There are 2 protein chains.
Amino acid sequence: MTEASGLSSAGMGVGVEPELLAEAVTHELAAMLQAGNYDAVKLLLEPVQPVDIAQAIGALPANLQAIAFRLLSKDEAISVYEYLDTATQQSLLSLLRSGEMREVVEEMSPDDRARLFEELPAKVVRQLLSELSPDERKVTAELLGYRSETAGRLMTTEYIALKENQTAAVALEIVRRRARDTETIYSLYVTDAERRLTGILSLRDLVTADPQARIGDVMTEEVLSVSTDTDQEKVARTIQRYDFLAVPVVDLEQRLVGIVTVDDVIDVIEQEATRDLYAAGAVQAGDDDDYFSSNLFTVARRRVVWLAVLVLASFFTSEVIAANEDVLQKVVLLAAFIPLLGGTGGNVGAQSSTVVIRGLSTQSISSLGPLRAITREAMAGALLGVLMMLLVVPFAWWRGESALVGLSVGMSLLAITTLAATAGAAFPLLFDRMGLDPALMSTPFITTCTDVAGTLIYLKTAGWLLVHLPQLVQATGISTQFFALGVF
Amino acid sequence: MTEASGLSSAGMGVGVEPELLAEAVTHELAAMLQAGNYDAVKLLLEPVQPVDIAQAIGALPANLQAIAFRLLSKDEAISVYEYLDTATQQSLLSLLRSGEMREVVEEMSPDDRARLFEELPAKVVRQLLSELSPDERKVTAELLGYRSETAGRLMTTEYIALKENQTAAVALEIVRRRARDTETIYSLYVTDAERRLTGILSLRDLVTADPQARIGDVMTEEVLSVSTDTDQEKVARTIQRYDFLAVPVVDLEQRLVGIVTVDDVIDVIEQEATRDLYAAGAVQAGDDDDYFSSNLFTVARRRVVWLAVLVLASFFTSEVIAANEDVLQKVVLLAAFIPLLGGTGGNVGAQSSTVVIRGLSTQSISSLGPLRAITREAMAGALLGVLMMLLVVPFAWWRGESALVGLSVGMSLLAITTLAATAGAAFPLLFDRMGLDPALMSTPFITTCTDVAGTLIYLKTAGWLLVHLPQLVQATGISTQFFALGVF
């Protein structure tokens, strides 16, 4: 990203609706380019935000993209390029002369550049790296060395580091000079001779300080930092919890190597939420949220694996039903309640896993602890089961034409909702404890497993009540009023 | 929130893990308070972040909460109070003398105060309002007048407004003076005599400007703003899209009335993600993410309504099965595939609604348009249906002991996945078009509806292939090798 902390110049007059603006620009831009009206394009784009220009260019056919991009001023071109999607970035790299692009790539934020290089063919990356200045080449190679989705990959190396014995006036002068080429000037870092982080101050602290005060006296020595291998989600939670604008990133020797800014963190929070949602919906998440621009086969590929796993799991339910064919043969209407029981169990299980997975993501479950969380979900499942029995038992009695069918359905329902809620809570917590992503223990998977167990419980209960019990009764010769209610 | 934009002093030494810190403080604090060791408490809390102190105090028993809160310095007490949950805020209000609390309530951020007042009994609010200074009373009443979840409710009225004819040096002096009591000093707003927003500049622009330059010449005249009734999700999207630190809020006359800062927006993004996830899991979202601290009956209440709706919907599936009892009577094994078909249809429908609902939330679906999105999902559903047939048809043929059972299951599967994907995409889009929250068209609801339609398709297909077709064949006297494969 470009202007993390400045308010970059915005589009059009006061009070414009952002979305309408972006769409209007997209339409006009294409028309003007096709008409060859390049001066009008410059005039059109001048007051528009880089992200909106990037969207408008991204929507153009490839040949017009290159023309539009050439019409931007150098500074604008760099900002816009960072907001383009990777496909457009790549196509511009190949369409424009390498001389034109070298400067853009050189001036990009190191973190954005690392993200682009990751997607490019190795040959192109080698070429581009060789054209970078030694400093930028070193930084880029360093960033690419960190694992993706860690603080090291997310951070930028453009920050302002001060020294303890500088005065506030000197520091303010440094900030002034570096304001144009650094990611943020609002969080300032203090390091010692070994580049170790010793303190932090905000521009707010600096402008309110006595100009002659030592930075060492103005700064805060207590600094929360993350290390290069900290997971991006944890970086996001830290910035969110403390309302920071940026968090410093240190290496193993506590040396300051970069900072992560709040705007990148918003994207991480969004990406993690998408991932959780997709997992709950049995869709594999892509690297970025490109679902609607990817082709049909990519779409199918991101869904087919989970679907196949779930289909195979349903085979077990089919097996359970087939194995209890004799019970169904005797009372065919029992089949009418299998989807109801499986569905309700699945829904209760999905509810429990949803709240637990979300609770793990937002760390709100920690107030309760895993065992109490599971117990509470189990009790909630039982309570919900009892409430649903009030609806289901009368219906099953009437539709199944037998009190014993109603009883079978009701008893199974209670067992299934309790079991489903317990499993829905326990599986994600277990996964989390094992260091795996709890969202992977996706809702549909729990749903399908509950289906197998629930069907088994139901058919066994019904078999006992409707087949074995009557046989037992006949064998012992006991006959009571009770069975007047029943199916026999 | 307190320190949107400053880096408030952080906890303990360099490189501390935030979570461990908060937990450690919580444990020590309780022990020290019980021992009456109040000096140690002061020493313990001094370097700790307000949000961590708030968490530690929130975990204490009510009587210790009041003692701990009294030990904080005035400034600290205000910051900490803003981070406490509403229940603790309320209990402190009633436990501490009103004199002690008046100052805290007076000095709170207006947006946090409005949020607190909303939760308090009307009588307490009237009392507190009467104790506020006239200025703060007016601001609070104004904020409470906006609908919840709008920019008006989310905004703070503490911002720095400059005039066009001030010089940069004068403006910087204003910033210096107001730095301690304003929400952010990094985004500065320029207004005319009627308080109308005429421009914007960042502190970055200000510190790099010539001290004698007029603000009117330094500022950007093109300003993106939101109005007081803009939905909070849209406010969040604006800040996220443009990497802003804050966005100005104007009233109907374009007068600047407040600003929304990035830290509040992160919480909105998180809250909206939770809401989408809960909807997908058929759980009603609460006002804040308090699921794990609410009692069992609140938990049940937030789940029982959706569950009951889904149970009632399943009654239709039961009816469909009961109405086709004759077909099942003839081939009981057909029942073994009902959960498989319903489940697969449900999963495909859930996948489609997940990507469409998320696409609507993140506005990534707009690149495609609703009709093309639905068509594409329908094709994806058909493609996935064909792929699943490769697994399911052989299994159904073998387990159902008949090629015609395999054929029935396979044909129904294709119809169901296509239908489910279409419905999963179309319903949320329709809801969105009607101005309703698409997430309400929740995944489990689509799942259950697919179940009814899918079961009907399956039993009708099977009935035709396994019951009517053979009768037809017998009636016309045709007999072929084909039926050697079948069940007859």
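**Exercise 1. Work out how chain B is placed relative to chain A.**

Start with the superposition: a turn of 180° and a shift of 0.0 Å along the axis lay chain B on chain A with an RMSD of 0.1 Å. The fit is by least squares on the C-alpha atoms of residues with pLDDT of at least 70 in both copies. The two copies are thus related as by a two-fold rotation axis. Next, check the surfaces: 100% of the contact residues of chain B recur in chain A, so the same surface serves both copies. Here, "in contact" means that the C-beta atoms of two residues, placed from the backbone, lie within 7 Å.

A word on the model: it is predicted, so local features need pLDDT of at least 70 and side-chain atom pairs count only at pLDDT 80 or more, while totals for chains, interfaces and linings use all residues. Residues are numbered from 1 along each chain as its sequence is written, and chains are lettered from A and ligands numbered from 1 in the order in which they are written.

**Exercise 2. Describe the side of chain B that touches chain A.**

Count first: 124 residues of chain B are in contact with 124 residues of chain A. Then ask which element gives the most to this side of chain B: that's α17(B), with 15 residues. Helices here are DSSP runs (H or I, at least four residues), numbered from the N terminus. Finally, sort by type: 71 residues are nonpolar, 35 polar and 18 charged. Asp, Glu, Lys and Arg count as charged; Ala, Val, Leu, Ile, Met, Phe, Trp, Tyr, Cys and Pro as nonpolar; the others, Gly among them, as polar.

**Exercise 3. Follow helix α17(B) and its packing.**

The helix covers residues 296–323 of chain B, 28 residues in all. Now look for a bend: there's one of about 35° at Val304(B), taken as the angle between axes fitted to the seven residues ending there and the seven starting there. Its buried residues include Trp306(B), Leu310(B) and Ile321(B). The buried residues of α17(B) pack against α19 (338–361) and α20 (370–399) of chain A, together with α22 (443–476) of chain B.

**Exercise 4. Place Arg358(A) in its surroundings.**

Find Arg358(A) in helix α19 of chain A. Is Arg358(A) buried or exposed? It's buried, because 29 other C-beta atoms lie within 10 Å, and the cut-off for buried is 20 or more (exposed is 12 or fewer, partly exposed in between; C-beta atoms are placed from the backbone). Leaving aside neighbours within four places in sequence, Arg358(A) is in contact with Asp276(A), Thr274(B) and Leu277(B). Asp276(A) is 82 residues away along the chain, yet the two C-alpha atoms are separated by 7.9 Å.

Methods:
Helix = DSSP H or I, 4+ residues; strand = E, 2+ residues; numbered from the N terminus. Expected span 1.5 Å × (residues − 1).
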